[in-house]
Amino acid sequence: MEENRNDYHISFFKPTTPRALANRNMVIWLVSIWVVAIFGFQIALRLLEKPTPEAAYKSFESSWPSVKSNTANQEELKDFAGATLSVLGKVFIDAGDKAVLDNAFNRAVYQILDEGQKEALIPEIKNFEALKAEIKVVTEPDYVKAKKELMTKAAPLLGIPENNVLRDILPLELNTAEMNTVRPETMKQLPGIMEKYLVHNQSVLTNFKFLGFPFHYFYTAVLLLILFVFLCWLYCISADRLNKKFDISD
Amino acid sequence: MKKAILLFTGLTSTHLLQAATAATELEGSFKIGPAIILIAILLTFILVGIYFRAKDTTDYYAAGRGISKVGSGMAIASNWMSAASFLGMAALMYGYGYHGLAYVVGWTGGYVLLLILMAGQIRKYGKYTAADFIGDRYYSRALRALGAVIAILISIAYCVGQFGGIGLMFKWIMGIDYALAVIIGGAVVLTYTLISGMLGVTKNMQIQYVIIIISFLIPLFILTYKFDYFWLIPQIGYGSAVSDIVSGIPLAETQQLYNSLGHHFAIAPSPEYAMPWDTASGQSFFQWIAIAFSLMIGTAGLPHVIQRFYVVPKARDARWSVVWGLFFICILYWSAPAYSAFGKILSANPEVGKLAKDAIVVYTAQLGNVNPLIVGLLAAGGVSAAFSTVSGLLVAGSSAFAHDLYVKSFRPDSSPRRQLLVARIGTVIMAIIVTLLALPQWALIGQLVAIAFSLAGCTIFPLFLLGIWWSGSNRQGAVAGVIVGLLVSAVSLTYSLVGDSLPYYDFVSYWLGAWYFAWIGAPLAIIANIIVSKLTTPTPLEIRKFLIENVHS
């Protein structure tokens, strides 16, 4: 006798018993909540976001045309150097991008300094470079002292205020080998690199703070996980109730 | 004997005290305190393993089906909380910012799918291994063998990342070369798995969970307190650190706090750390979604995870063990992002240099001037996390090798003693292969593990999903689905390994990335399974009856 496909047939979408029907409806509800909670929120983030530049990018945008045409004044060069140093201060930068930024920043520093300042500062930078190459640990007193002295002298020349964290970074990014000339690829690649690191996708969901977090971060890193545990708990409670209702034993 | 113990205790205490006062070094030297803690923990694992060692094949494969739901939940969590969770998760967020949260969501959200679609039904089906289920449900010895091979491949892919984590932690503790550290760590985890088997593993997993979570949380409380955030609940307290990273911490606000290298707790504004799919991370919206989705369906298709449902007495226990397991897992997953946030601030100064991202959890504690012994406990916790997962994976892989390939496909008449021997030989072979593959550091631990998830999502997940919920899925459909899943996997992995010499490299490597190819592979495998099943002879009546009467009744 030929077997009928419909004999003893199980299909999630075509339940044949009241228990299976109730289970299917419960699963559909839970999966729908799960999908909307995870992917719906990320889609909402995507739809609401706007490219938002950091303050450093605005400084870069205003100074870049003059720097590019080699007509920048001292203030524009300082803005430009500060903006590139902001990117160099970020924890992760692609090695190729860093090379471009190093060149742009150091060339700008060189242009900012007058002849007297160059005579005073460049030998000191060279000394620090030599010391940096020699040390085994960054806590060596001579190195720490030289770094602090260089920072104290160079930061005011670039207009970096006392409280700014870029002061700490400044001595480490000064590089005499990059000061003499600006490479063509630097001019070509720099705008894209600055945009890459200084323009971010932000919206009301990222700007609103909740328990100290940016809201979107709290939602994804904390709240979604709470929801997952809750959904699992809810399913187990509901499955136990369904089994009791339909007198089904495991 | 007592004298020897007293001498050992005395020496240990002296060394621990010396270590506690020693200056923190990020890398390089042998660290006596952490080494003693690690050895003590490993000895505990082995003793527990010996005490609860497997006595026969039922014990070896399924722990005698006598584990409670809370115990099983702890074992699920311990089994799950691998080096990828303990070390890799923070590494991904440290390196890729918000993109790393796709892994957090993917590795937890999948449990919802696993629970509501599979857990109870898998237990009711009543088999030992994933390949057992596939072979029986699809009435095919060839598919059972193929399922076993896939399970072994998944276990190997998963283990590679774990061995990488073990290597990094052994390297950090012992101050030795990475390659040597991988070999030593691999040998230790292999010995432990061989001695204990799964009964020992399950008992050990409960102990490991406690060690893992305590070692992870203690430094976090200390760091949150040092940073002056809300330290009573660091999983909430670090939120202010995320906001501070976005807006930057000026020098004046660091309150004279310094990391272990003497740098301020200051950072330049870095919105790229928290903003979604930031261009600086090099990752897109599509990749976020694809990774989260692939990891979630991969979770529901991993043989060593599925296998945990065979060790509880009833289907109800299988369901509740998922709830407990997920809760225990989430305690760690709520905490991991905090390490990346603190690590970001503490390593903000360029002088810190380029740190191995996969060890950022340990480096963060070091840079935060946490007591070296507590940092040692943290590193030992990382090793425990990798050990608990590797032992589960090696058991799942060796089960597939001995039970599904050797016994079911070649020698059905072999004695239980011989089966156990073959399982142990399989474990050794797998451990050697994994050690060799872990020597070159291909990618971040989390990314390596994600390959196993995508492979499981493309192959095992469709077979279980359709096998449980649609009796119309037949052998031919299953074969078609597996072939499609394997093809997608092969294309993705080939492009990933060979590189840009292949045509359309940019297109394929973006849309079929090695960490997330299941986003398309799984749906295609399901569609192929359905179409071919519809066009071929129906599933035999006895299978359909079994599904109705045993699995869904």
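## Where the two chains meet

Let's start at the interface: between chain B and chain A, 23 residue pairs are in polar contact, with both partners at pLDDT 80 or more. By class, the face that chain B turns towards chain A is made up of 55 nonpolar, 21 polar and 13 charged residues. Please keep in mind throughout that this is a predicted model.

The contact draws 89 residues from chain B and 74 residues from chain A. Interface size is often expressed as the accessible area that is lost when the parts come together. Here, chain B and chain A bury about 7000 Å² between them, and carbon and sulfur atoms supply 68% of that area. Charged pairs take part as well, with 4 salt bridges counted between chain B and chain A. One of the salt bridges joins A:D240 to B:R316, where the closest N and O atoms lie 3.0 Å apart.

## Cysteines without disulfides

How many disulfides does the rule give over all chains? The count is 0. A:C236 is a good place to look: it belongs to no disulfide, and the nearest cysteine sulfur, in A:C232, sits 6.9 Å away. A bond would require the two sulfur atoms to be within 2.5 Å. A:C236 is also buried, its relative accessible area being 0%.

B:C330 offers a second case, this time looking across to the other chain. Why is B:C330 not bonded to the closest cysteine, A:C232? The two sulfur atoms are 8.6 Å apart, and therefore too far from each other for a bond. Like many a residue worth a second look, B:C330 can be placed by its accessibility: with a relative accessible area of 0%, B:C330 is buried.

## The make-up of chain B

Turning to chain B as a whole, you will find 22 helices and 0 strands. The chain has 553 residues, and 65% of them count as buried. Its contacts reach far along the sequence: among those with a separation of 6 or more, 83% are between residues 24 or more positions apart.

## Three buried residues in chain B helices

B:F328 belongs to helix 14 of chain B, which covers residues 315–346. Is B:F328 buried or exposed? B:F328 counts as buried because its relative accessible area is 10%, under the 20% limit. Leaving aside residues up to four places away in sequence, B:F328 touches B:V70, B:G73, B:M74, B:A77, B:M81, B:Y209 and B:I213. One of these partners, B:M81, is 247 residues away along the chain, yet the C-alpha atoms of B:F328 and B:M81 are separated by 9.4 Å.

B:S215 sits in helix 9 of chain B, and with a relative accessible area of 0% it is buried. Its side chain reaches the backbone oxygen of B:I212 at 2.9 Å. Beyond residues up to four places away in sequence, B:S215 touches B:F86, B:Y339, B:L377, B:L378 and B:G381. For a sense of the fold around this serine, B:S215 and B:S78 are 137 residues apart in sequence, while their C-alpha atoms are 13 Å apart in space.

B:T427 is part of helix 17 of chain B, spanning residues 416–438. B:T427 is buried, at 0% relative accessibility. What does the side chain of B:T427 contact? It makes a polar contact with the side chain of B:S398, at 3.4 Å.

## Positive phi in two loops

Two loop residues deserve a friendly pointer for their backbone angles. A:L211 is not a glycine, yet its phi is positive, at about 50 degrees. A:L211 lies in the loop of chain A that connects strand 3 (209–210) with strand 4 (213–214). With 48% relative accessibility, A:L211 counts as partly exposed.

In chain B, B:D228 likewise shows a positive phi in a residue other than glycine, with a value near 65 degrees. Where does B:D228 lie? B:D228 is in the loop between helix 9 (178–226) and helix 10 (234–237) of chain B. Its relative accessible area is 54%, so B:D228 is classed as exposed, the cut-off being over 50%.

Methods:
Residues numbered from 1 in each chain as written. Chains lettered and ligands numbered in written order. Predicted model: local features only at pLDDT ≥ 70, side-chain atom pairs only at ≥ 80, totals over all residues. Heavy atoms only, no water. Contact = heavy atoms within 4.5 Å. Buried area = accessible area lost by both parts, 1.4 Å probe. Salt bridge = Lys/Arg side-chain N within 4 Å of Asp/Glu carboxyl O. Polar contact = N/O pair within 3.5 Å; in protein donor to acceptor, adjacent residues only side chain to side chain. Nonpolar A, V, L, I, M, F, W, Y, C, P; charged D, E, K, R; others polar. Buried < 20%, exposed > 50% of the residue type's maximum accessible area, 1.4 Å probe, protein only. Helix = DSSP H or I, 4+ residues; strand = E, 2+ residues; numbered from the N terminus.
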